[in-house]
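Here is a quick walk through the model. Have the sequence and the 3D view open side by side as you read.

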Amino acid sequence: MSFFSIIIIVVASIIGMEALAYFMHKYIMHGFMWSWHKTHHIPHKNKLEKNDLFGVFFALPSIIFIFIGIRYLPILYYIGVGIGVYGLLYFVFHDMVVHQRIKTPLPRNISYLKRIIQAHRLHHAVEEKDGAVSFGFLYAPPIKELKQALHYNQSHPKS
Ligand SMILES: [Zn+2]
Ligand SMILES: [Zn+2]
């Protein structure tokens, strides 16, 4: 496999994972798995949250793909690597940069980082299952749009 196609597969897997994470977060974590995810929305002083188990769960396909890929199918190997890289990026941006669970020397005033930090803060403006906005982790729509959506949700609560 050429270097170029490897890069394409890894990048496509990362983009695919962001899309998958968006839908999982919106419809599953804020759906029937809320009991795990709410541990991330409600303030607490514990070091770990039940919500962290989602990260463990997401690591499984990466490990399985890499193992099967090494023996039989190189493309699966690189998809597995892409999923793993996504997991790492998720941890760096969501846990280190946004929530600062581990202190990071990363500058926070880069416009991209400022945007995802603000977008994710808006996600956490809602501590309940319904009414939240901004479900992505590496990509965020313009902050203005998110604020409008949040305002709309707050004035039209689901009953
Ligand atoms: Zn959430
Ligand atoms: Zn968060």
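Before we get to the open space in this fold, one term: a pocket here is an open set of grid points with protein on both sides within 12 Å along at least five of seven lines, and its lining residues have an atom within 4 Å of a point. Keep in mind, too, that this is a predicted model.

## The largest pocket

With that in hand, look at the largest pocket, which has a volume of about 820 Å³. Its lining takes in 33 residues, and those nearest the centre are His-40, Glu-49, Asp-52, Asp-95 and Arg-101. Helix 1, helix 2, helix 3 and helix 4 are the elements that each give two or more residues to this lining. Which of them gives the most? That's helix 4, with eight residues.

His-40 is worth remembering, since it turns up again below as a zinc donor.

## Zinc ion, ligand 1

The zinc ion (ligand 1) has five histidines listed around it: His-25, His-30, His-37, His-41 and His-123 coordinate it, each through NE2, at 2.1 to 2.3 Å. Along the chain, these donors are spaced as H-x4-H-x6-H-x3-H-x81-H. His-30 sits in helix 1 and His-41 in helix 2 (residues 34-41), so this pair ties together parts that are eleven residues apart in sequence. Are these two buried or exposed? Both His-30 and His-41 are buried.

The donor at the far end of the spacing pattern, His-123, belongs to helix 5. His-123 counts as buried because its relative accessibility is 0%, and the cut-off for buried is under 20%. If you want another landmark here, the C-alpha atoms of His-123 and Leu-146 are separated by 8.8 Å, with the two residues 23 apart along the chain.

## Zinc ion, ligand 2

Now for the zinc ion (ligand 2). Its donors are the NE2 atoms of His-40, His-94, His-99, His-120 and His-124, at 2.0 to 2.3 Å. The spacing along the chain reads H-x53-H-x4-H-x20-H-x3-H. His-40 is in helix 2 and His-124 is in the loop between helix 5 and helix 6, so that pair ties together parts 84 residues apart in sequence.

How do those two donors fare for accessibility? His-40 has a relative accessible area of 9%, so it is buried. His-124, at 18% relative accessibility, counts as buried as well.

## The cavity

How many cavities of 30 Å³ or more does a search of the whole structure find? Just one, and it holds about 60 Å³ of space. The residues lining it are His-94, Val-98, Ile-116, Ala-119, His-120, Ser-134, Gly-136, Phe-137, Tyr-139 and Ala-140. Two elements give two or more residues to that lining, helix 4 (74-98) and helix 5 (111-123). Helix 5 provides the largest share, three residues.

Some of these names carry over from elsewhere: His-94 and His-120 are also among the donors of the zinc ion (ligand 2).

## Backbone oddities

One of the lining residues, Ser-134, has a positive phi of about 60 degrees although it is not a glycine. You'll find Ser-134 in the loop between helix 5 and helix 6 (143-155), and at 9% relative accessibility it counts as buried.

Gln-100 is another non-glycine with a positive phi, near 55 degrees. This one lies in the loop between helix 4 and helix 5. Its relative accessible area is 31%, so Gln-100 is partly exposed.

## Out on the surface

A nonpolar surface patch of about 810 Å² is formed by Met-1, Phe-57, Leu-60, Ile-64, Ile-68, Tyr-72, Leu-73 and Ile-75. Helix 3 (residues 53-71) makes the biggest contribution to this patch, with four residues. Met-1 comes from the segment before helix 1 (3-32) and is exposed, with a relative accessible area of 56%.

Finally, take Lys-50, in the loop between helix 2 and helix 3. Lys-50 is partly exposed, at 44% relative accessible area. From its C-alpha atom to that of Pro-74, 24 residues apart along the chain, the separation is 34 Å.

Notes
Residues are numbered from 1 along each chain as its sequence is written. Chains are lettered from A and ligands numbered from 1 in the order in which they are written. This is a predicted model: local features need pLDDT of at least 70, side-chain atom pairs count only at pLDDT 80 or more; totals for chains, interfaces and linings use all residues. Side-chain values use heavy atoms; hydrogens and water are left out. Patches are made of residues with over 30% relative accessible area and no salt bridge: like charges are joined within 9 Å, nonpolar side chains (Val, Leu, Ile, Met, Phe, Trp, Tyr) within 5 Å. Accessible areas come from the Shrake-Rupley method with a 1.4 Å probe; for residues, only the protein chains shown count as cover. A salt bridge is a side-chain nitrogen of Lys or Arg within 4 Å of a carboxyl oxygen of Asp or Glu. Buried means under 20% relative accessible area, exposed over 50%, partly exposed in between (1.4 Å probe, protein chains only). Donors are N, O and S atoms within 2.8 Å of the metal (3.2 Å for Na, K and Ca); water is not among the atoms, so sites may look incomplete. On a 1 Å grid over the protein atoms alone, a cavity is a set of points where a 1.4 Å probe fits but cannot get out, and a pocket is an open set with protein on both sides within 12 Å along at least five of seven lines; lining residues have an atom within 4 Å of a point. Grid points are joined across faces, edges and corners, and a volume is the space filled by probe spheres set on the points.
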